[in-house]
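Me: I would be grateful for a close look at a single part of this protein, explained step by step and set within the whole.

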Amino acid sequence: MHSDLQLDAAYWNGRYTAGQTGWDTGAITPPLRDYFQQLSLPRTARILIPGAGRGYEAEYLHTAGFENVFVADIAPEALRDLHQRVPGFPSGHLLEQDFFALPTAPTYDLIVEQTFFCALDPSLRPSYARQCAALLRPGGTLMGLLFDTEFAQAGPPFGGSKAEYEVYFAPYFDLVHFAPAYNSIKPRQGKELFICLKRK
Ligand SMILES: C[S@@+](CC[C@H](N)C(=O)[O-])C[C@H]1O[C@@H](n2cnc3c(N)ncnc32)[C@H](O)[C@@H]1O
């Protein structure tokens with residue numbers, strides 16, 4: 001399975017400028033919000049949200065007092081939106097960079113996933129798992145949501161299953177939690193896995 005589209009910065013930025021952002025929930029989603037509310041990391045923890053789009057999770061964490069929240073996205077329009085909405089968010093933490101080219105030092109304590117993995121060409125999935133592992137310190141966490149469904153139309157988004165995903169992550173992570181989400185937003189109910197993976 002792979003995409004015939006060139007899923008590059010021009011493609012994604014064009015989706016934002018054209019207002020074709022069906023994935024954008026306009027606010028933090030309950031699974032991530034509930035997880036963040038019980039997050040026991042220090043406020044200085046380094047947190048990365050790759051393919052963050054307009055970055056509602058980054059806004060939430062920043063507002064909660066986390067000082068080292070970074071977003072990485074190849075679409076400048078998405079980062080501009082976050083910058084305008086949350087002027088206090090450090091502009092040096094808005095990384096207009098390809099996730100796969102992000103420096104792996106210093107490492108992060110936490111990586112947050114939501115509708116980034118499914119936006120990538122599926123051929124990149126093994127590299128996604130490898131890059132998340134390289135970006136995290138040992139014991140660090142990759143958490144978030146993965147689709148547990150197949151989509152009728154050609155992607156993005158690209159679907160998949162738990163059995164498929166586990167193969168990518170198991171070499172680098174202990175799969176602490178990898179189960180259907182119980183608090184997805186309505187259109188995604190029954191179609192998402194909540195993951196919490198610990199870097200080996
Ligand atoms: C489907 S959107 C999801 C955005 C956001 N996570 C959300 O839930 O609203 C996918 C995002 O990934 C970004 N993206 C795609 N490929 C990327 C890459 N290689 N590196 C960084 N960002 C990328 C796109 O620009 C887009 O903002």
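Reply: In this predicted model, the order of elements along the sequence is α-α-β-α-β-α-β-β-α-β-α-β-β. The protein has a radius of gyration of 16 Å, close to the 16 Å that the globule rule gives for 200 residues, so it is as compact as a globular protein of that length. In total there are six helices and seven strands. The C-alpha trace spans about 40 × 40 × 35 Å along its principal axes.

Two further values describe the whole before a single part is taken up. Among the 200 residues, 39% count as buried. Of the contacts with a separation of 6 or more, 68% are between residues 24 or more positions apart.

The part chosen for the close look is strand β7, which comprises residues 192-199. Is this strand mostly covered or mostly uncovered? Strand β7 is mostly covered, since six of its eight residues are buried. For this purpose, a residue counts as buried if 20 or more other C-beta atoms lie within 10 Å of its own.

Which strands pair with β7? One partner is strand β5, residues 136-147, which pairs with β7 in the antiparallel sense over seven bridges. Within this pairing, L142 stands opposite L197 of β7. Another partner is strand β6, residues 173-180, which also pairs with β7 in the antiparallel sense, over seven bridges. Here D174 has K198 of β7 as its bridge partner. As background, side chains in a regular strand alternate between the two faces of the sheet.

Strand β7 also takes part in covering a helix. Helix α5 spans residues 125-135, and its buried residues are R125, Y128, A129, C132, A133 and L135. These residues cover an arc of only 170° around the axis, which puts them on the same side of α5. The elements that cover them include β7 together with its two pairing partners, β5 and β6. Also among the covering elements are β1 (46-50), β4 (108-113) and α6 (162-169).

A residue elsewhere in the chain offers a contrast with the buried residues. D8 lies in the segment before α1 (9-17). D8 is exposed, because 12 other C-beta atoms lie within 10 Å, and a residue is exposed if that count is 12 or fewer. D8 and D98 are 90 residues apart along the chain, and their C-alpha atoms are separated by 9.3 Å.

In summary, β7 is a mostly covered strand that pairs with β5 and with β6, and β7 is among the elements that cover the buried residues of α5.

Conventions: Residues numbered from 1 in each chain as written. Predicted model: local features only at pLDDT ≥ 70, side-chain atom pairs only at ≥ 80, totals over all residues. Helix = DSSP H or I, 4+ residues; strand = E, 2+ residues; numbered from the N terminus. Pairing = 2+ DSSP bridges. Rg over C-alpha atoms; globule rule 2.2 N^0.38 Å. Contact = placed C-beta atoms within 7 Å. Arc of directions from axis to C-beta.
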